[in-house]
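Me: I am new to this structure and would love a close look at a single part of it. Could you walk me through it step by step?

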Amino acid sequence: MTTPAVLKFGGSTFPAPHAYTDLAEALRQRIEDEQRPMAVVVSAMPGDTEKLRTMLHEANPQPQEATVAGLLTLADTTSAHLLATSLHRAGVTATVLAGHQQGLVTDSTFMWAKVEQLDAEPLRRALAAHQVVIVPGGQAADRQGRPTWLGKNSSDLSAVLVAAALGTERCEIHSDVDGVYSADPNAVSGARLLPEVTHDTAALMSLYGAKVLHRRSVRTAKQHGITLVCRHNRAPFPSGTVIGSEGGPAVGVVLNTKSQVLAYDTAAQADLAHSVFHTEGIDTVRLEDGPHLVVVGGYLDIERFQRLHELPAGRALGIPVTEITGSRATTHIADDPEQARQLAQKLHDALPGPTTGIRAL
């Protein structure tokens, strides 16, 4: 079988149902041009996952994690089937492989599941019979076949895992941002696009909360030698940044107002909390200048998590803003989102320019 292309399309690709028709036609044309099959990972339409979360919490304010994973992932399944039927209409053979059909087995940490086994055979069989195989992002199953979730915004990770299973060297990530910038261009003026960064640099930025790519997806891509190509999700799908094994020193500023710095009474408490968060698959950064911990990216009921795991209660200290200089990260703390944005702008304005030999990230 010809090596398939592996593509991922984020939720912003599908603002309305007609977007599936548009993408189906673009995929049909690419298949005709390249004469090879495709594995396509898709996210849910904007807001669909949160609608399900709201309904779930109205039924039960404190649902079991297995129930959350089973329900929220249905939004991505819906998106996959909408693309499948649009491809059928365009004359393309396509099928959907849900989490329990992909050969991807995880542990039973339902909300931030860790991959234990990756069997390529289900994907290969499906690609032998169809021009396009569609994978709902973020889905997997444990050894009992129960639905598990790879975590918030984990469609990138799904795409990289599909690429690894199929042995492809490239994975194309489509979103409303065409690549890696020196800061969030929606929050910081003058942010600059970088055409090339290393896996390590992209992973460091993601660790501190940059909305570049899912952090585990970058680490998995490095592990399997996969180059990530960031593209805009509208035709003609221009590429902005290539993430791979090569790239120069980089500088940048990371701002994610959903992240939070927690303060503990002692370093031992902060170390314990860091260990437990990490074990449960939640991205945290232990800061060195005090008993402080950054919980990255939000989407977590921190108080409930701490109670469930009998952790000391960390006090909310503020929002982290992190300078990245090569492999070094320095985190500052702002009181609120507006102060954090202003601090990010100030730090970014002080970065060395692109002509100094250090690349703006």
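To start with, which residue in S2 does Ala 5 stand opposite?

Reply: Happy to help! Please keep in mind that this is a predicted model. The partner of Ala 5 is Met 38, which stands opposite Ala 5 in S2. These two residues give us a good way into the sheet around them.

Strand S1, residues 5–9, runs parallel to S2, and five bridges pair the two. Both belong to an open sheet of eight strands with mixed pairing, and its order is S3-S6-S2-S1-S9-S13-S14-S12. At the edges you will find strand S3 (94–96) and strand S12 (196–198). Each of these has a single partner strand, so one of its sides has no neighbour in the sheet. On average, neighbouring strands here are turned by 20° against each other, with direction ignored. Helix H5 packs on this sheet and touches S2, S3 and S6. The direction of H5 makes about 140° with that of S6.

Now let us see which parts of the sheet share in the nonpolar core. The largest nonpolar core has 43 residues, and Leu 123, Val 162, Cys 171, Ile 226, Leu 228 and Ile 243 are the ones that touch the most other members. Among the elements that give two or more residues to this core are strands S2 (38–42), S6 (132–136), S9 (170–175) and S13 (227–232). Helices H5 (121–129), H6 (155–166), H7 (199–207) and H8 (215–223) do so too. The most comes from H6, which gives seven residues. Apart from this core lies another one, of 24 residues, including Ile 31, Val 40, Ala 84 and Leu 87. In general, nonpolar side chains in soluble globular proteins tend to be buried together.

Ile 226 is a good residue to zoom in on. Leaving aside neighbours within four places in sequence, Ile 226 is in contact with Val 160, Ala 163, Ala 164, Thr 168, Glu 169, Arg 170, Cys 171, His 199, Ala 221 and Ile 243.

One of those contacts, Cys 171, brings us to the cysteines. Cys 171 counts as buried because its relative accessible area is 0%, under the 20% cut-off. Cys 230 is buried as well, at 4%. Does being buried go along with a bond here, or what keeps the two sulfurs unbonded? The closest cysteine sulfur to that of Cys 171 is in Cys 230, and at 9.6 Å it is too far for a bond. The structure holds zero disulfides.

Back at H6, look at Ser 155, which lies in that helix. Ser 155 counts as buried because its relative accessibility is 6%. Not counting residues up to four places away in sequence, Ser 155 touches Lys 8, Val 41, Val 42, Ser 43, Asp 76, Gly 137 and Gly 138. Ser 155 and Thr 241 are 86 residues apart in sequence, and their C-alpha atoms are 18 Å apart in space.

Finally, there is an open sheet of four strands, in the order S5-S4-S7-S8 and with mixed pairing. Its edge strands are S5 (115–118) and S8 (147–149), each of which pairs on one side only. From one strand to the next, the twist averages 45°. Inside this sheet, strand S4 (residues 104–106) and strand S7 (residues 139–142) run parallel and are joined by two bridges. There, Val 105 has Ala 141 in S7 as its bridge partner.

Terms used: Residues are numbered from 1 along each chain as its sequence is written. This is a predicted model: local features need pLDDT of at least 70, side-chain atom pairs count only at pLDDT 80 or more; totals for chains, interfaces and linings use all residues. Side-chain values use heavy atoms; hydrogens and water are left out. A nonpolar core is a set of buried Ala, Val, Leu, Ile, Met, Phe, Trp, Tyr and Cys residues joined through side-chain atoms within 4.5 Å. Buried means under 20% relative accessible area, exposed over 50%, partly exposed in between (1.4 Å probe, protein chains only). Contact means heavy atoms within 4.5 Å. Two strands pair if DSSP finds at least two bridges between them. Axes are lines fitted to C-alpha atoms, for helices over the stretch in contact, and angles run from 0 to 180 degrees between N-to-C directions. A disulfide is a pair of cysteine sulfur atoms within 2.5 Å.
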